[in-house]
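Hi everyone, thanks for coming. Please have a look at the sequence and the model on the screen, and then I'll walk you through them.

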Amino acid sequence: MLNSRVAVLGAGMVGVATALELQRLGAQVTLIDRRDPGQETSYGNAGVIARSSLMPFNHPDLWKSLPTLLRNNTASLRYNTAFMLRNLGWGLSYLRHATHSAFEETTTALDALIRLSTAEHQRLLAEVGESRRLRDNGWLFLYRSQAAFDGGRLGRATMDHFGVRTQVLDAPALHALEPVLRPSVFTKALWVQDTYSVDSPGQVTAAYARAFAARGGIVSTRQLHTLQRNGEGWDVLDDSGQASYFDQVVVALGPWSKQFMGRLGIRVPMAFERGYHMHYAADPASPARLQRPVYDTGGAYVLSPMEQGLRLSTGVELNDCEAAPHPVQLELAEAAARQALPLGARLEAAPWMGSRPTLPDCRPIIGAMPGRRNLWLAFGHQHVGFSTGTGTAKLLGALMSGQPAPIDAHAFRAERFL
């Protein structure tokens, strides 16, 4: 058990779940962020908790598509040239990890983390009375041609290897499963059945935070600045200069972890995969409604049924975390989605934008900071922070309390980069 005062910095899914787990282990926990829980990156994702997310983006087949991606004009990837030049080391390391050996290590590690996280989400959603938000009907990878389907061979083989339940659908079977999709657009689909999804990731994160507070946890909304060593523990300083002492600190600030760690003199090789989303009304003239999230591999978007409407999420924009929005990919994604199904009007005046914090091997750091006693790290979850936040919490809690780890922590160790 943890009989100590712990600060968890960052109130996204990773930080909130970690605060809950450390509280369960006996710690006195304070959760600190500049905004209310679940209002940043964890708010805007597609809400998918999928075994298929074990596939890193820098898999060995990346080399085949790299010449097209480098043209900087696709819906799946855009990049700011100045940002990439400043982060050339990250880019080269990212490509160096697009090997079979790195792929095997990453998929094995992410599969274990996702399976642990899925069970934890189910447990926590039941505990906080939010199981109604969870769907268990999988999600769909959609293919606009046989060639596109053939191009996904590595992903299907990997899912088969790890025992992920899938089913290949032809056009009539896809139409029977999702009648709202126009049958002339997609020739094939892969139904990933080992997948859950939620109707509001932000509300799920907020519900976990409310449970944490109801059990005696402290939620503190303030702008963090840095840490200072104080004996065996740490002073957490905010922008006003106020210092609060804690025995242990967890940094779970998502994309802002890089800047925060930089103030401690620690260089984190992190880049930002920015993405956009917009909510749409369903077409009132269409009797059918989308029943599960779908990933249009040709259109490079995910469309998810949400509490707020149909959420259209875009591909990747490599850029500075705080750079001005440039939602050209959203325009392309919307056009592709309107080909695929009847889509109603936009429900917001401006698109939402968030940043996915990505390390060169597409695995998060979960564990102790080398050479900094009682400083713990939980960041770099790229596209799977919402889905794997609960498993991250379970693993980090075991490491901090000296209990047996529920999964192998070696692949997530900080020493591989720090």
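I'll go through two sheets, a hairpin, a salt bridge and the empty spaces.

First, a word on what you are looking at. This is a predicted model, in which local features need pLDDT of at least 70 and side-chain atom pairs count only at pLDDT 80 or more, while totals for chains, interfaces and linings use all residues. Residues are numbered from 1 along each chain as its sequence is written, and side-chain values use heavy atoms, with hydrogens and water left out.

Let's begin with the sheet of six strands. This open sheet has the order 10-2-1-14-23-22, and its pairing is mixed. Strands here are DSSP runs of E with at least two residues, helices are runs of H or I with at least four, and both are numbered from the N terminus. Two strands pair if DSSP finds at least two bridges between them. At the edges you find strand 10 (218-221) and strand 22 (365-368), each pairing on one side only. On average, neighbouring strands in this sheet are turned by 20 degrees against each other, direction ignored. Axes are lines fitted to C-alpha atoms, for helices over the stretch in contact, and angles run from 0 to 180 degrees between N-to-C directions.

Now look inside that sheet. Five bridges hold strand 1 (residues 5-9) and strand 2 (residues 28-33) in a parallel pair, with Leu9 opposite Ile32 in strand 2. Helix 1 (residues 13-24) lies across strand 1, strand 2, strand 14 (248-251) and strand 23 (375-379), at about 170 degrees to strand 2.

Next comes an open sheet of three strands, antiparallel, in the order 3-9-5. Strand 3 (48-50) and strand 5 (134-135) are at its edges with a single partner strand each, so one side of each has no neighbour in the sheet. Helix 5 (residues 100-127) packs on this sheet and touches strand 3, strand 5 and strand 9, its direction making about 135 degrees with that of strand 3. Touching, or contact, means heavy atoms within 4.5 Å. Strand 5 is joined to strand 9 (residues 195-198) by two bridges, and Leu134 faces Val198 there.

For the hairpin, find strand 11 (residues 224-230) and strand 12 (residues 233-238), an antiparallel pair with six bridges. Asn230 stands opposite Gly233. Two residues lie between the strands, and Gly231 takes a positive phi near 65 degrees.

How many salt bridges does the structure hold? There are 30, counting a side-chain nitrogen of Lys or Arg within 4 Å of a carboxyl oxygen of Asp or Glu. In one of them, the closest N and O atoms of Arg144 and Asp296 are 2.6 Å apart. That pair links distant parts of the chain, 152 residues apart: Arg144 is in the loop between strand 6 (139-143) and helix 6 (146-151), and Asp296 is in strand 16 (residues 294-296).

Finally, the spaces. On a 1 Å grid over the protein atoms alone, a cavity is a set of points where a 1.4 Å probe fits but cannot get out; a pocket is an open set with protein on both sides within 12 Å along at least five of seven lines; lining residues have an atom within 4 Å of a point. The search finds one cavity of 30 Å³ or more, with about 40 Å³ of space. Its lining includes Val180, Asp283 and Arg289. The second largest pocket has a volume of about 150 Å³, and Trp256 and Cys321 are among its lining residues.

Key: Points joined across faces, edges and corners; volume = space filled by probe spheres on them.
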